[in-house]
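Student: Please pick one part of this model and take me through it closely, residue by residue where that helps. I want the geometry, with each criterion stated.

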Amino acid sequence: MTESEQDRDSAASLSGYDAAMATEPLQALLQQAFPDATELSVLDRTGGGDHFQVNVTSERFEGLSLIDQHKLVYDALATPLADGTIHELRIKTKGQPSE
Amino acid sequence: MSDLRSQITELIESEPVTLFMKGTPSFAACGNSQRALAALRAAGAPVTAVDILPDPRFRQELSALSGWPTIPQVFVKGELVGGADIVEELAESGELERKLTDALGPDYRDAHDVRVVELSPA
């Protein structure tokens, strides 16, 4: 491997590693709470690993008020919310996949 | 019941619209607080803003009371409406104005402009 190839490789794995480090544990917690989710994504909004946008579409939200929908997400993420891992959280929930 | 808790309860129940935020309307210390305030303003809501930053107990008591872990929190006539995401979503769909009209009457816009109330540590 040439030096420039090595640089590219380590840069790629570094940036990929960082994003996954921050979002994967949250993704796993949500997956556990909403195993039937048809959409589930966690986005690191600032790249700083503490401002997140979470999108969940699940039948469990059907018929619930937005308050109760968001509370289910807060419940799923109670630990990272309490220990300060999540500094800011934006939530978008849907009961049914959009057309 | 702590003194602080009763202050918060009284505010929520007596004010038409209470916004618990980080900072003040003229200087919001957090993007989400700013978003909630902007959505309420756009709907013409008579907002009573409470800064929770001066004492960590403000936030602890509020969340213990409401069961909502994050700031901001918006209440209309004693009922928790939600945080920034929900208020923004309701504002975009027009449901926020309907909610305000239902709870406060059709002339809710005339009640008062944004005002600030301070909690006093017990």
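**Chain B: a helix and a sheet**

Tutor: Six residues of α2(B) are buried, namely B:N32, B:S33, B:A36, B:L37, B:A39 and B:L40. Buried here requires 20 or more other C-beta atoms within 10 Å of a residue's own, all placed from the backbone. The model is predicted, and local features need pLDDT of at least 70, side-chain atom pairs 80 or more, while totals for chains, interfaces and linings use all residues. Residues count from 1 along each chain as written, and chains are lettered from A, ligands numbered from 1, in written order.

Where on α2(B) do the buried residues lie? Looking down the axis of α2(B), they fall within an arc of 160 degrees (taken over directions from the axis to the C-beta atoms), so they line one face of the helix. The helix covers residues 31–42 of chain B, and its twelve residues should span 16 Å at 1.5 Å a residue, multiplied by one less than the residue count. Its end C-alpha atoms are 16 Å apart, in agreement with that figure. Just after α2(B), B:G44 has a positive phi of about 75 degrees.

Helices (H or I, at least four residues) and strands (E, at least two) are DSSP runs numbered from the N terminus. Five strands of chain B form an open sheet with mixed pairing, in the order β6-β5-β1-β4-β7. Strands pair when DSSP finds at least two bridges between them. At the edges stand β6 and β7 (115–117) of chain B, each with a single partner strand, so one side of each has no neighbour in the sheet.

Now for the individual pairings. Strand β1 of chain B, residues 17–21, runs parallel to β4 of chain B, residues 47–51, with five bridges between them. One residue pair here is B:F20 with its bridge partner B:V50 in β4(B). β1(B) is also joined to β5(B), in the antiparallel sense and by four bridges. In that pairing, B:T18 has B:F75 of β5(B) as its bridge partner.

β5(B), residues 73–76, is covered on both faces. B:Q73 and B:F75 are buried on one side, and B:V74 and B:V76 are buried on the other. With β6(B), β5(B) makes an antiparallel pairing over three bridges. There B:V74 has B:G82 of β6(B) as its bridge partner. The hairpin of β5(B) and β6(B) leaves two residues between the strands, and in this hairpin B:K77 takes a positive phi near 50 degrees.

β6(B) also takes part in the contact between the chains, which draws eight residues from chain B and ten residues from chain A. Residues are in contact if their backbone-placed C-beta atoms lie within 7 Å. On the side of chain B that touches chain A, β6 (79–82) and α4 (84–93) of chain B each supply at least two residues. The largest share of that side is the three residues from α4(B).

Chain A offers another hairpin to set beside this one. β1 (residues 39–44) and β2 (residues 51–57) of chain A pair antiparallel over six bridges, with A:S41 standing opposite A:N55 in β2(A). Six residues lie between the strands of the hairpin, where A:G47 has a positive phi near 80 degrees. β2(A) also pairs in the parallel sense with β3 (residues 88–94) of chain A, over seven bridges. A:N55 is placed opposite A:K92 in β3(A).

Key:
Contact = placed C-beta atoms within 7 Å. Buried ≥ 20, exposed ≤ 12 C-beta atoms within 10 Å, placed from the backbone.
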